Amino acid sequence: MNAKQILLIEDESGIAQMIRVQLQLVGFSVHAVEEAQAALSLPQLSEFDLIILDWMLPDGNGPDLIPQLRQRSNAPILMLTARSEIVDKLIGFESGADDYLTKPFDMMELIARIKALLRRSGSAVQRAKIPALRFRELVLEPDTRRVTIAGDEVELTPTEFKILEIFLQAPGSVFSRDKLIELVMGYEYEGYGRTLDSHIARLRGKIELDIKSPEYIKTVFGVGYKLGD
Ligand code: CA
């Protein structure tokens with residue numbers, strides 16, 4: 001099996017070197033760049049399995065870079081930040097990052113997060129022969145990771161895909177925010193309901209005709225969300 005390809009965007013050379021060596025030791029292939037523009041100009045940008053993105057870069061900041069990365073990559077994005085304020089973490093998630101770590105972090109923690117994100121984004125081989133999940137015009141094929149609505153393909157991030165997969169496995173069931181976060185992240189994120197809300201808002205933007213009156217992902221006020229009525 002080929003090594004997972006990780007793109008590391010980090011300008012602090014000491015940290016970048018440490019991450020690169022440690023990730024290579026556990027079998028990942030790492031391509032490191034120090035600036036946002038260097039990452040965006042990579043011809044193979046769409047081929048990485050995961051992107052590690054530093055918050056503060058010489059030519060911009062991580063959250064602003066995410067929409068540009070997303071135009072060419074649906075790989076999970078793990079944000080590194082030197083800031084520890086909760087508001088920054090929320091901004092990190094709202095910008096579309098799939099996970100974050102605050103510096104200084106333990107290298108084993110980084111590797112565990114990377115593995116969890118890669119499991120979440122899955123691979124065609126691991127997910128082969130799982131039947132498609134359907135609800136009204138929405139079809140999700142776990143094996144190919146393809147999502148269509150009325151036959152039109154929808155591009156989702158790994159986090160959005162996971163959320164949709166959870167809903168499609170139990171249409172009509174109400175999920176609390178805490179339960180959804182636990183199911184999506186694989187661990188508890190107490191108090192991060194707003195980050196989930198922002199992922200759901202982006203997901204609705206992609207699958208709903210009218211996001212003010214969603215047909216698929218309904219808000220259950222004071223509780224959470226459910227798929228359909
Ligand atoms: Ca930096």
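In this predicted model, Gly 172 comes out as partly exposed, with a relative accessible area of 30%. That value falls between the 20% limit for buried and the 50% limit for exposed, so the label is the one in the middle. Gly 172 sits in the loop that runs between α6 and β12 (174-176). Setting aside its neighbours within four places in sequence, Gly 172 touches Lys 226, Leu 227 and Asp 229. Its C-alpha atom is also 9.6 Å from that of Ile 217, although 45 residues separate the two along the chain.

The helix on one side of that loop, α6, brings us to a helix pair. Two packed helices are described by the angle between their axes and the distance between those axes. For helix α6 (residues 158-169) and helix α7 (residues 177-185), the axes come within 10 Å and cross at roughly 120°. The two helices are therefore oblique to each other, and their crossing is right-handed. On the α6 side, the contact involves Thr 159, Lys 162, Ile 163, Ile 166 and Phe 167, while α7 brings in Leu 180, Leu 183 and Val 184. Sorted by class, the residues of this contact are six nonpolar, one polar and one charged.

A second pair is made by α1 and helix α5 (residues 107-121), which pack at an angle of about 60° with their axes 11 Å apart. With that angle, α1 counts as oblique to α5. The crossing of α1 and α5 is right-handed. Here Met 18, Ile 19, Gln 22 and Leu 23 from α1 meet Met 107, Leu 110, Ile 111 and Ile 114 from α5. The class count for this contact is seven nonpolar, one polar and no charged residues.

Now for the metal. The calcium ion has as its protein donors Asp 11 (OD), Asp 54 (OD) and Met 56 (O), which lie 2.0 to 2.3 Å from the ion. Along the chain, these donors follow the spacing D-x42-D-x1-M. Asp 11 and Met 56 link distant parts of the chain, being 45 residues apart: Asp 11 is in the loop between β1 (5-9) and α1 (13-25), whereas Met 56 belongs to strand β4 (residues 56-57). How open are these two donors to the outside? Asp 11 is partly exposed, at a relative accessible area of 27%, and Met 56 also counts as partly exposed, at 47% relative accessibility.

Definitions and conventions:
Residues are numbered from 1 along each chain as its sequence is written. This is a predicted model: local features need pLDDT of at least 70, side-chain atom pairs count only at pLDDT 80 or more; totals for chains, interfaces and linings use all residues. Side-chain values use heavy atoms; hydrogens and water are left out. Donors are N, O and S atoms within 2.8 Å of the metal (3.2 Å for Na, K and Ca); water is not among the atoms, so sites may look incomplete. Helices (H or I, at least four residues) and strands (E, at least two) are DSSP runs, numbered from the N terminus. Buried means under 20% relative accessible area, exposed over 50%, partly exposed in between (1.4 Å probe, protein chains only). Axes are lines fitted to C-alpha atoms, for helices over the stretch in contact, and angles run from 0 to 180 degrees between N-to-C directions. Angles under 35 degrees count as roughly parallel, over 145 as roughly antiparallel, 65 to 115 as roughly perpendicular and the rest as oblique. A crossing is left-handed if the near helix is turned anticlockwise from the far one by less than a right angle, and right-handed if clockwise. Contact means heavy atoms within 4.5 Å. Ala, Val, Leu, Ile, Met, Phe, Trp, Tyr, Cys and Pro count as nonpolar, Asp, Glu, Lys and Arg as charged, and the others, Gly among them, as polar.
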